[in-house]
Amino acid sequence: MIRLLLAATFAFSSSQILAHGDAKHAKKPARSISTEEKAFGREGDPRKASRTITVDMSDKMRFVPDSLTIKQGTTVKFVVKNHGKQMHEMVIGTMKELKEHAELMKKHPTMEHDEPYMAHVAPGKTQTMAWQFTKAGEFHFGCLVPGHFEAGMVGKITVK
Ligand SMILES: [Cu+2]
């Protein structure tokens with residue numbers, strides 16, 4: 001009986017070792033890219049980005065640049081930098097969605113959420129996000145930290 005148990009324990013632990021070894025070699029699976037289509041496009045594969053745009057944010061409550069023109073179909077890799085001392089974020093959307101979201105943020109300032117079209121950037125940090133602009137039109141991006149949107153922290157994206 002004891003022998004059997006020992007054998008079982010040994011078999012168990014060696015399979016654990018194997019599994020561990022496998023895991024070590026296997027690449028950490030990346031979060032899969034969402035296929036959800038929004039009015040302003042869909043999540044992009046950063047490896048397929050054909051354009052990189054750096055967006056600077058500061059406590060002046062402005063984005064630099066604050067106007068972008070993008071060719072329809074392009075996957076853009078955004079490099080979003082926060083040069084300020086406050087939290088800032090870049091959220092892409094339609095003006096209607098951004099306004100609604102900004103109102104919601106005022107009511108629930110601690111609300112935390114993460115979507116592929118948002119980059120929440122701590123002071124002094126940089127975040128990247130990839131977005132594919134599948135639809136032509138006029139869209140916007142804004143900082144929805146309470147008060148920032150109203151202070152003018154908003155930019156325009158023209159897709160054509
Ligand atoms: Cu901000």
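This is a tour of a predicted model, taken as a series of selections in the viewer.

**Whole chain**

Start with the full protein in cartoon view. There are 2 helices and 10 strands, and along the sequence they follow the pattern α-β-β-β-β-β-β-α-β-β-β-β. Of the 160 residues in the protein, 33% are buried. Switch on the surface: the accessible area is about 10100 Å², and carbon and sulfur atoms account for 57% of that. Taking contacts between residues at least 6 apart in sequence, 74% join residues at least 24 apart.

**The open sheet**

Select β4, β10, β9, β6 and β7. These 5 strands form an open sheet in the order β4-β10-β9-β6-β7, with mixed pairing. Which strands stand at the edges? They are β4 (67-70) and β7 (118-121); each has a single partner strand, so one side of each lacks a neighbour in the sheet. Look along the sheet to see the twist, which averages 15° from one strand to the next.

Now narrow the selection to β6 (residues 88-93) and β9. The two strands run antiparallel and are joined by 3 bridges. To find one of the bridge pairs, pick Gly93 and its partner His140 in β9.

Add α2 to the view. This helix lies across β6, β7, β9 and β10, and runs at about 140° to β6.

**Strand β5 and its partners**

Hide the previous selection and show residues 75-82, strand β5. How many of its 8 residues are buried? The count is 6, so the strand is largely enclosed by the rest of the structure.

Next add β2 (residues 51-58). It runs parallel to β5, with 7 bridges between the two. Then add β8 (residues 126-132), which is joined to β5 by 7 bridges and runs antiparallel to it. Val80 is a useful residue to centre on: Val55 has Val80 as its bridge partner in β5, and Val80 in turn has Gln127 as its bridge partner in β8.

**The nonpolar core**

Select Phe63, Phe78, Met90, Ile92, Phe133, Phe141 and Ile157 and show their side chains. These are the residues with the most contacts inside the largest nonpolar core, which has 33 residues. In soluble globular proteins, nonpolar side chains tend to be buried together.

Centre on Phe78 and display its surroundings. Leaving aside residues up to four places away in sequence, Phe78 touches Ile53, Val55, Leu68, Met90, Ile92, Gln127, Thr128, Met129, Trp131 and Phe133. Among these contacts, Met90, Ile92 and Phe133 are also on the list of core residues with the most contacts.

**Salt bridges**

Turn to the charged side chains; the model has 8 salt bridges. Side chains of opposite charge can pair when their charged atoms come close.

Begin with Arg47 and Asp45, whose side chains meet at 3.1 Å, N to O. Is each partner buried or exposed? Arg47 counts as exposed because its relative accessibility is 72%, whereas Asp45 counts as buried because its value is 12%.

Move to Glu138 and Lys156, which form a salt bridge at 3.8 Å, N to O. Glu138 is in strand β9 and Lys156 in strand β10, so this pair links distant parts of the chain, 18 residues apart. Glu138 is partly exposed at 49% relative accessibility, and Lys156 is partly exposed at 32%.

Then select Glu37, Arg42 and Lys135 together: they are linked in a network of salt bridges.

**Last stop: Lys106**

Finish on helix α2, where Lys106 is found. Its side chain meets that of Glu150 in a salt bridge of 3.4 Å, N to O. What does this pair tie together? Lys106 lies in α2 (residues 95-107) and Glu150 in the loop between β9 (137-142) and β10 (154-159), so the parts joined are 44 residues apart in sequence. Lys106 is partly exposed, at 42% relative accessibility, and Glu150 is partly exposed at 44%.

Show the contacts of Lys106: not counting residues up to four places away in sequence, Lys106 touches Pro146 and Glu150. Finally, draw a distance between the C-alpha atoms of Lys106 and Val145; they are separated by 8.2 Å, although the residues are 39 apart along the chain.

Notes:
Residues numbered from 1 in each chain as written. Predicted model: local features only at pLDDT ≥ 70, side-chain atom pairs only at ≥ 80, totals over all residues. Heavy atoms only, no water. Salt bridge = Lys/Arg side-chain N within 4 Å of Asp/Glu carboxyl O. Buried < 20%, exposed > 50% of the residue type's maximum accessible area, 1.4 Å probe, protein only. Helix = DSSP H or I, 4+ residues; strand = E, 2+ residues; numbered from the N terminus. Core = buried A, V, L, I, M, F, W, Y, C linked by side-chain atoms within 4.5 Å. Contact = heavy atoms within 4.5 Å. Pairing = 2+ DSSP bridges. Axes fitted to C-alpha atoms, helices over the stretch in contact; angles between N-to-C directions. Areas by Shrake-Rupley, 256 points an atom, 1.4 Å probe, with all protein chains shown as cover.
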